[in-house]
Amino acid sequence: MTTARKFTSEALKRATAASREFRDGIESLRARIAALKSEREQVENLPPTQDIALQRVDDWIENLAFTARDRTPDPRRFVAGLNYYQPYGLDRDAVLFAYLTPALADAAKARVLDLYANGMAGVSEDERRNQLDRIDRELLDSELAEESLLRGAEQAGFAIQRRADQDPRAALASEEALP
């Protein structure tokens, strides 16, 4: 084998090894980013504390009752004199929601309480925010590391495509901001 061929062969081996290292590093960071995004979604979807869940029931019931009260007849219609009284059409849903919301609220709350009594654990909004903040910091750090590796690969002559969902803060970060 000639010296030129040997040199070329060695250079290709080094380039292939470098390419593999860049690819492995990018794949590792992208897997970490995907895991963090999945973890973030799980934290966002954790159930709230029991108090918040019960407040949601109260809000829902109040909305039903408020809407229903607007659709039920004014009681003064029933005490009007003969010349002014007119029969009123029945809106069954409005009547049920206007007058039976306390029972509906009790039933809904009992079902919510059963969920928590049977092991459902809720997370406070402060806990949720703290977890999301931690994940967001780790996510940005990982995305900055990915961008740093991508820029290094580009400078070395390798073309590695950026993710479509890359955080713009990482893509537009200055060199000083990258690890």
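1. Let's start with what covers the buried side of helix α3. In this predicted model, the cover over the buried residues of α3 includes α2. Those buried residues are Ala94, Ala98, Thr101, Ala105, Ala108, Val112 and Tyr116. The relation also holds the other way round: what covers the buried residues of α2 includes α3, residues 92-117.

2. Stay with α3 for a moment and look at Leu100, where the helix has a kink of about 75°. The proline Pro102 comes shortly after this kink. Leu100 has a relative accessibility of 45%, so it counts as partly exposed, a class that lies between under 20% for buried and over 50% for exposed. To place Leu100 against α2, try Ala65: the two residues are 35 apart along the chain, and their C-alpha atoms are separated by 8.8 Å. Just past the helix, α3 is followed by Gly119, which has a positive phi, near 105°.

3. Now for the partner, α2. This helix runs over residues 50-69, and at 1.5 Å a residue its 20 residues should span 28 Å; the C-alpha atoms at its ends are 28 Å apart, so the two values agree. Which residues of α2 are buried? They are Ala53, Leu54, Val57, Ile61, Leu64, Ala65 and Ala68. These residues cover an arc of only 110° around the axis, so they sit on the same side of α2. On the face turned away from that buried side you will find the exposed residues Asp51 and Arg56.

4. Two residues of α2 show the pairing with α3 in detail. Setting aside neighbours within four places in sequence, Val57 is in contact with Ala105, Ala108, Lys109 and Val112. Ile61, also in α2, has a relative accessibility of 9% and therefore counts as buried. Not counting residues up to four places away in sequence, Ile61 touches Thr101, Leu104 and Ala105. For a sense of the overall layout, pick out Lys6 as well: Ile61 and Lys6 are 55 residues apart in sequence, and their C-alpha atoms are 80 Å apart in space.

5. How many residues make up the largest nonpolar core? There are 9 in all: Ala53, Leu54, Val57, Ile61, Leu64, Ala105, Ala108, Val112 and Tyr116. The elements giving two or more residues to this core are α2 and α3, and α2 gives the most, with 5 residues. Apart from this core lies another, of 6 residues, including Ile33, Leu36, Leu132 and Ile135.

6. Helix α4 deserves its own look. At 1.5 Å a residue, its 31 residues should span 45 Å, and its end C-alpha atoms are 44 Å apart, which agrees. The buried residues of α4 are Arg128, Leu132, Ile135, Leu139, Ser142, Glu143, Leu144, Glu146, Glu147, Leu150, Arg151 and Ala153. After the helix comes Gly157, with a positive phi, near 95°.

7. Is Glu146 buried or exposed? Its relative accessible area is 0%, so Glu146 is buried. This residue belongs to α4, residues 125-155. Its side chain makes a polar contact with the side chain of Arg163, at 2.8 Å. Beyond its neighbours within four places in sequence, Glu146 is in contact with Ile26, Leu29, Arg30, Ile33, Arg163 and Gln166.

8. Gln166, one of those contacts of Glu146, is found in the loop between α4 and α5, the latter being residues 168-171. At 10% relative accessibility, Gln166 counts as buried, because buried means under 20%. Leaving aside neighbours within four places in sequence, Gln166 is in contact with Glu143, Glu146, Glu147, Leu150 and Ala171.

9. One last stop is Ala34, in helix α1, which covers residues 3-44. With a relative accessibility of 45%, Ala34 counts as partly exposed. Compare its place with that of Ala171, a residue in contact with Gln166. Ala34 and Ala171 are 137 residues apart in sequence and 17 Å apart in space, C-alpha to C-alpha.

Definitions and conventions. Residues are numbered from 1 along each chain as its sequence is written. This is a predicted model: local features need pLDDT of at least 70, side-chain atom pairs count only at pLDDT 80 or more; totals for chains, interfaces and linings use all residues. Side-chain values use heavy atoms; hydrogens and water are left out. Helices (H or I, at least four residues) and strands (E, at least two) are DSSP runs, numbered from the N terminus. The expected span of a helix is 1.5 Å times one less than its number of residues. Buried means under 20% relative accessible area, exposed over 50%, partly exposed in between (1.4 Å probe, protein chains only). The arc is that of the directions from the helix axis to the C-beta atoms. Contact means heavy atoms within 4.5 Å. A polar contact is a pair of N or O atoms within 3.5 Å; within protein, one must be able to donate a hydrogen and the other to accept it, and residues adjacent in sequence count only if both atoms are side-chain atoms. The bend at a residue is the angle between axes fitted to the seven residues ending there and the seven starting there. A nonpolar core is a set of buried Ala, Val, Leu, Ile, Met, Phe, Trp, Tyr and Cys residues joined through side-chain atoms within 4.5 Å.
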